[in-house]
Amino acid sequence: MSARFLIVRTLRALLTLILVVTFVFLMLRLAGDPIKMLLPEDTPASVVEQYRARWGMDAPIYVQYIRYVASVLHGDFGMSFRDGRPALQAVTERIPATLTLGFAGLAVALLVGLPAGIAAAVMRNSIVDRSVISFAVVGHSVPTFFFGILLIMLFSMSLRWLPSSGSATWAHLVMPALTIGLWNAATLARFTRASMLDVLSQAYMKTVLANGLPSSWRILRYALPNAAIPIVTMLGLIVGQLLSGAVIVETVFAWPGIGRLTVTAVAGREVAVVQTIVFLSALAMVMANLLVDLIYGWLDPRIGSKTGGMSR
Amino acid sequence: MSLIELSFEENGRVLRGIAAPTPSATPYGNDLLRIENFSVRLPGRHGPIHAVRGISLSVRVGECLGIVGESGCGKSTLCSAVLSLLPDNAQIEGQIHFNGLDVQRLSSEKLARLRGREIAMIFQDPMGSLNPVRRVGTQIADKLMVHKGLSRTTALAEAVRLLDLVRMPAARGRLNDYPHELSGGMCQRTMIAMALSCQPKLLIADEPTTALDVTIQAQILTLLSDLRRELGMAIILVSHDLGVIAQTSDRIAVMYSGEIVEEAATETVLDRPRHPYTRGLIDASPDINRVADTLVTIPGSVASLSEAPVGCAFEPRCQAAQHKCRKVAPHRTTTSSGAVIACHFPLGMSE
């Protein structure tokens with residue numbers, strides 16, 4: 001992997017971030033006047049103007065944009081209308097809970113999805129394969145809120161093994177992590193299976209067979225690294241999404257993460273908080289994908305090398 | 001210690017340890033590989049494809065057998081069958097014995113040993129046959145580690161020696177290269193080095209030069225011939241190019257539509273072809289010394305492998321075909337000179 005490749009990818013990530021910031025800024029202004037939405041309809045015009053001046057929304061839009069970008073660069077995302085705290089603080093205090101749930105969910109997705117997908121591809125058309133496909137279809141079509149409620153009914157109400165809401169103990173983590181994890185595992189298993197099947201049909205896999213290498217080498221050392229690129233792409237999206245919080249699952253299990261904050265912030269018309277959440281989510285997504293790009297270069301020597309380029 | 005000595009010692013051990021010939025192998029005499037009445041049907045979109053039809057063939061120790069035929073005549077299917085590399089849904093009849101072992105009845109463990117140590121195979125597309133994300137040195141070393149129990153360091157050192165053996169330029173520096181950093185010819189040399197790593201008794205080369213430039217093709221063929229002499233291994237060389245086969249083989253088997261229509265010593269086949277198809281192949285080979293306005297072709301196209309012919313499969317394209325050819329499939333007959341032919345009216349008989 002060349003330094004050029006690294007620099008190009010990092011610059012691209014930065015550009016994405018700038019575009020996102022601009023897009024969010026414009027969207028929030030185009031979607032309607034936040035001041036009018038915040039204030040009751042019969043507020044006198046003078047009061048509206050007063051609020052507008054107070055939040056800096058009386059200036060021309062490009063001035064607002066420059067101010068906004070400048071303050072974002074200073075780490076200032078504005079104030080929460082509600083409690084007058086910095087919006088950034090309101091969001092960051094939710095990050096630990098979101099990370100805990102996100103990584104627990106990711107672990108479940110990886111531990112279930114990867115082996116299931118690999119096994120399905122290796123034992124194509126067997127009962128294992130059919131079970132994995134069924135799991136993937138069902139797992140992805142059952143909505144998370146429904147699956148979450150089923151879990152609550154079984155483990156909290158019938159068996160009384162696990163608490164149904166909150167985040168006080170590790171036991172609280174089990175059900176939301178399973179809900180997120182199994183849903184993503186279904187997608188991951190399908191991707192892994194398709195990617196492995198593609199690789200297993202390649203000519204170089206026949207060479208491995210003809211050389212009499214053990215199946216474990218064949219699958220883990222020869223097939224999986226080749227199949228990894230689409231899988232890693234998928235994982236990048238999953239990770240980015242998990243870091244921005246799980247709106248539905250956090251709501252079902254009353255998990256105090258960014259997802260639930262998003263719901264309350266949107267309902268409460270907290271422009272600054274929503275803006276901060278969108279920015280941080282975009283940052284998470286961009287970082288996850290930058291990481292994916294770097295992993296590509298490490299996984300596939302043809303990517304980013306001087307001679308090979310992206311061609312296969 | 002030279003590789004030649006090593007290989008004999010190794011062969012002896014292998015004979016005793018793994019491939020110990022059963023008493024029934026004695027009548028095989030010099031035959032290393034014996035294929036008997038072997039048929040393969042592969043499932044196709046429009047019914048089964050009868051890719052190999054009752055082929056009997058043998059390869060002697062140290063011999064180079066050339067198999068020639070047009071694309072789609074079942075050559076590659078036959079090669080894959082020798083290493084039991086056919087898909088699970090292939091229907092197989094007949095037997096393949098290697099060194100007294102029934103290839104199709106081996107346990108997966110013994111099959112892995114057969115594939116790694118006894119029979120090696122190289123393929124048509126050398127670039128696509130190497131794993132794109134593993135260094136070439138590692139790929140050779142992996143095989144040595146598995147089958148010879150070498151440590152990674154020793155295996156890599158041995159890989160350098162093997163790359164030298166196959167005349168890879170700057171062998172040591174190539175170990176850490178990825179396949180995309182090598183040329184097609186260098187990839188095929190790597191494949192050959194990998195194939196030779198455990199001193200196989202038989203090397204199956206399935207169209208080894210088809211994807212390469214003509215100059216590289218000649219180099220690879222010379223290399224294969226040299227290595228055969230140095231190491232005393234047998235080779236099955238498969239090609240659609242009669243020129244390639246003629247240059248390298250002791251004996252030629254001509255395949256048409258899943259069957260062997262003629263089989264004899266190379267000079268016999270080239271000088272006095274008996275089957276009209278062989279004659280056609282020879283005539284269709286462009287002659288560099290002859291300026292021709294049009295190239296000679298065999299009329300018609302390769303018979304479909306899905307439909308079983310009633311008579312001779314080559315009959316629709318054969319200029320010497322007679323009524324009998326349409327009705328009765330010709331049997332294989334062995335001539336006094338030891339050549340095998342499947343034709344009702346072999347060339348040079350009536351004249």
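## Strands, helices and the contact of two chains

In chain B, strand β1 (residues 31-42) and strand β4 (residues 91-98) pair in the antiparallel sense, and seven bridges hold this pairing. The model in which this pairing is found is a predicted one. Two opposite pairs can be picked out along these strands: B:E36 faces B:Q95 in β4(B), and B:R34 faces B:H97, again in β4(B).

On the other side of the story of β1(B) is β2(B), to which β1(B) is joined by eight bridges, with the two strands running antiparallel. One of the residue pairs here is B:V40 with its bridge partner B:V52 in β2(B). The hairpin of β1(B) and β2(B) has six residues between the strands, and in this hairpin B:G47 takes a positive phi near 85°.

These strands belong to an open sheet of four strands in chain B, which has the order β2-β1-β4-β5 and antiparallel pairing. Why is one side of β2 (49-60) and of β5 (101-102) of chain B left without a neighbour in the sheet? Both stand at the edges and have a single partner strand each, so one side of each remains without a neighbour there. Helix α2 (residues 75-82) of chain B lies across β1, β2 and β4 of chain B, and it runs at about 60° to β2(B).

Chain B also has an open sheet of eight strands, with mixed pairing, in the order β6-β7-β8-β3-β9-β10-β12-β11. Its edge strands are β6 (119-122) and β11 (333-334) of chain B, each of which pairs on one side only. As a general point, the strands of a sheet pair through backbone hydrogen bonds, either parallel or antiparallel. Within the eight-stranded sheet of chain B, strand β10 (residues 259-265) and strand β12 (residues 340-341) of chain B pair in the antiparallel sense over two bridges. Here B:E263 has B:V340 in β12(B) as its bridge partner.

Chain A has 14 helices and zero strands. Its C-alpha atoms fill a box of roughly 85 × 60 × 30 Å, taken along the principal axes. The chain is divided into domain 1 (3-87) and domain 2 (95-256), and the centres of these two domains of chain A, taken over C-alpha atoms, are separated by 37 Å.

Two packed helices are described by the angle between their axes and the distance between the axes. In chain A, the axes of helix α6 (residues 95-122) and helix α9 (residues 171-200) come within 5 Å and cross at roughly 35°. The crossing of α6(A) and α9(A) is right-handed, and the contact of these two helices has 24 nonpolar, seven polar and two charged residues.

The record adds names to parts of both chains. An unreviewed UniProt entry gives "transmembrane region" for residues 12-31, 101-123, 135-157, 169-189, 227-253 and 273-296 of chain A. The UniProt annotation "domain: ABC transmembrane type-1", also from an unreviewed entry, covers residues 95-296 of chain A, while for chain B an unreviewed entry in UniProt places "domain: ABC transporter" at residues 33-282. The table sets out the helix and strand content of some of these spans, together with the distance between their end C-alpha atoms.

| Span | Helix | Strand | Distance between end C-alpha atoms |
|---|---|---|---|
| Residues 135-157 of chain A | 91% | 0% | 25 Å |
| Residues 273-296 of chain A | 100% | 0% | 34 Å |
| Residues 95-296 of chain A | 83% | 0% | 28 Å |
| Residues 33-282 of chain B | 42% | 26% | 28 Å |

How many residues does the contact take from chain B and from chain A? It takes 23 residues from chain B and 20 residues from chain A. On the side of chain B that touches chain A, the elements that give two or more residues are α3 (108-118), α4 (126-129) and α5 (136-148) of chain B. By class, the residues on this side of chain B divide into 11 nonpolar, six polar and six charged.

Key:
Residues numbered from 1 in each chain as written. Chains lettered and ligands numbered in written order. Predicted model: local features only at pLDDT ≥ 70, side-chain atom pairs only at ≥ 80, totals over all residues. Contact = placed C-beta atoms within 7 Å. Nonpolar A, V, L, I, M, F, W, Y, C, P; charged D, E, K, R; others polar. Domains from an automatic or database assignment. Axes fitted to C-alpha atoms, helices over the stretch in contact; angles between N-to-C directions. Left-handed = near helix turned anticlockwise from the far one by under 90°. UniProt positions renumbered as here; feature names shortened; annotations may be inferred. Pairing = 2+ DSSP bridges.
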